[in-house]
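Thank you all for coming. Please take a moment with the sequence and the structure before I begin, and keep both in view while I talk.

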Amino acid sequence: MTVRTALAAGLLGLLCASAAHAAARSQDEAAAPPKITGSVAYRERIALPPDAVVQVRLDDASQPEAPPTLVAETTVPTAGKQVPISFELPYRAADILPNRRYVVRAKIVAGGRTLFSSKTPYPVLTRGAPMKLEILVEQSGGGRPARPKPAAGGAGLEGVEWTLVALGSTPAIEQPERQNAHFVLNAEQKSLSGSTGCNRFAGSFELVGERLSLIPGGMTRMACPEDVMRQEQAFLEALKAATGYRITAGSLELLEGDGRVLARLVSNAADGAARSH
């Protein structure tokens, strides 16, 4: 075999190998199932519990008089994340017929209860319907959510004086002769004001959905008993570390990113009742 012949043979081998690789890759891509993608969210200011999961299902709803037929479904653990929750719903292309109607429904479940569900189905795939969705779910009447309900009397987070009850598992210090630790959020000015139980402070806050950021700023410099000063430092650190909140029956919990409760406070209306227990 001449050198020229050997080179030609080698080049031919490389071309064949490249073609085979391209064909294999094409087959792999063709074998990947199609999928519907999107996100699930809701409008209520309610944080999801850590064990919540999002369930999304694809149904054949071609016959209005008959129950929908399940085509595919997926479950997405939230793992402490809050809405919107992204999802991918793979399905078999062979199961989809162009003359049929397909819809997607979603719900959020925790502790064996449906907390949120889509009230109307979302058409997909055929008849010009999309493959990417933004699904809005609503609070379910069939089960109570494990997370917060509105505060007593319909009070929200802003415009309420929240008085400190506990920092983590440590009860707050009662001060009959001095104002107890508390804070107030002014919605119009986006301002934060309050007292540590010793010194008064001011600052600002940011509130986007369930995401809360408290930013203490200027503060007076009075000296107080040692235990009150320790509480002051812990209270300010809790305010700065908070990234979310929940309100249940007049009680406010400031939450860290992992869902840990940093501090618990009560509104004026619920203060006496909370401290009597």
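I will go from the overall picture to the strands, then to the aromatic pairs and one glutamine, and finally to the cavity and a pocket.

Please keep in mind throughout that what you see is a predicted model, and that what I report has been computed from it. The protein has three helices and 18 strands, and of its 277 residues, 39% are buried. If we take the contacts with a separation of 6 or more, 57% of them are between residues 24 or more positions apart.

Let me turn to the strands, beginning with β2, which covers residues 53–60. This strand is mostly covered, with six of its eight residues buried, and it has two pairings that I would like to show you. With β3, residues 69–77, β2 runs antiparallel and is joined by eight bridges, and here valine 53 stands opposite proline 77. With β5, residues 102–110, β2 again pairs in the antiparallel sense, over eight bridges, and in this case valine 56 has alanine 106 as its bridge partner.

Now please move along the chain to β17, which is residues 251–255, and where five of the five residues are buried. In a regular strand, side chains alternate between the two faces of the sheet. In β17 both faces are covered, since Ser251, Glu253 and Leu255 on one side are buried, as are Leu252 and Leu254 on the other.

What does β17 pair with? On one hand there is β16, which runs antiparallel to β17 and is joined to it by five bridges, with arginine 246 having glutamate 253 as its bridge partner. These two strands form a hairpin with two residues between them, and in that turn alanine 249 has a positive phi of about 50°. On the other hand there is β18, residues 261–267, which pairs with β17 in the antiparallel sense over five bridges, and leucine 254 finds its bridge partner there in alanine 263. β17 and β18 also form a hairpin, this time with five residues between them, and glycine 259 in the turn has a positive phi of about 90°.

Next come the aromatic rings. How many aromatic pairs does a search of the whole structure find? The search finds two. One is a stacked pair of tyrosine 42 and phenylalanine 116, at 3.9 Å centre to centre and with 5° between the planes. This pair links distant parts of the chain, 74 residues apart, for tyrosine 42 sits in the loop between β1 and β2 while phenylalanine 116 belongs to strand β6. Tyrosine 42 has a relative accessible area of 8%, and because buried means under 20%, it counts as buried; phenylalanine 116, at 0%, is buried as well.

The other pair, phenylalanine 201 with phenylalanine 235, is edge-to-face, with 6.3 Å centre to centre and 75° between the planes. Phenylalanine 201 is in strand β14, residues 200–208, and phenylalanine 235 is in helix α2, so this pair ties together parts that lie 34 residues apart in sequence. Phenylalanine 201 is buried at 4% relative accessibility, and phenylalanine 235 is buried at 0%.

Staying with helix α2, residues 226–241, I would point out glutamine 231. Is this glutamine buried or exposed? With a relative accessible area of 7%, glutamine 231 is buried. Beyond its neighbours within four places in sequence, glutamine 231 is in contact with Leu164, Leu167, Ala172, Ile173, Ala181 and Thr196.

Finally, let us look at the empty space. The count gives one cavity of 30 Å³ or more, and the largest cavity holds about 190 Å³ of space. Its lining is made of 17 residues, with Ala47, Gln82, Leu255, Glu256 and Gly257 nearest its centre. Strand β16, residues 244–248, provides the largest share of that lining, with three residues. By class, five of the lining residues are nonpolar, six are polar and six are charged.

The second largest pocket has a volume of about 160 Å³, and among the residues lining this pocket are Tyr42, Gln82, Val208 and Arg211. Its lining divides into four nonpolar, two polar and five charged residues. Tyr42, then, lines this pocket and also takes part in the stacked pair with phenylalanine 116.

Key: Residues are numbered from 1 along each chain as its sequence is written. This is a predicted model: local features need pLDDT of at least 70, side-chain atom pairs count only at pLDDT 80 or more; totals for chains, interfaces and linings use all residues. Side-chain values use heavy atoms; hydrogens and water are left out. On a 1 Å grid over the protein atoms alone, a cavity is a set of points where a 1.4 Å probe fits but cannot get out, and a pocket is an open set with protein on both sides within 12 Å along at least five of seven lines; lining residues have an atom within 4 Å of a point. Grid points are joined across faces, edges and corners, and a volume is the space filled by probe spheres set on the points. Helices (H or I, at least four residues) and strands (E, at least two) are DSSP runs, numbered from the N terminus. Ala, Val, Leu, Ile, Met, Phe, Trp, Tyr, Cys and Pro count as nonpolar, Asp, Glu, Lys and Arg as charged, and the others, Gly among them, as polar. Buried means under 20% relative accessible area, exposed over 50%, partly exposed in between (1.4 Å probe, protein chains only). Contact means heavy atoms within 4.5 Å. Rings of Phe, Tyr and Trp (its six-membered ring) pair if their centres lie within 6.5 Å; planes under 30 degrees apart count as stacked, over 60 as edge-to-face and the rest as tilted. Two strands pair if DSSP finds at least two bridges between them.
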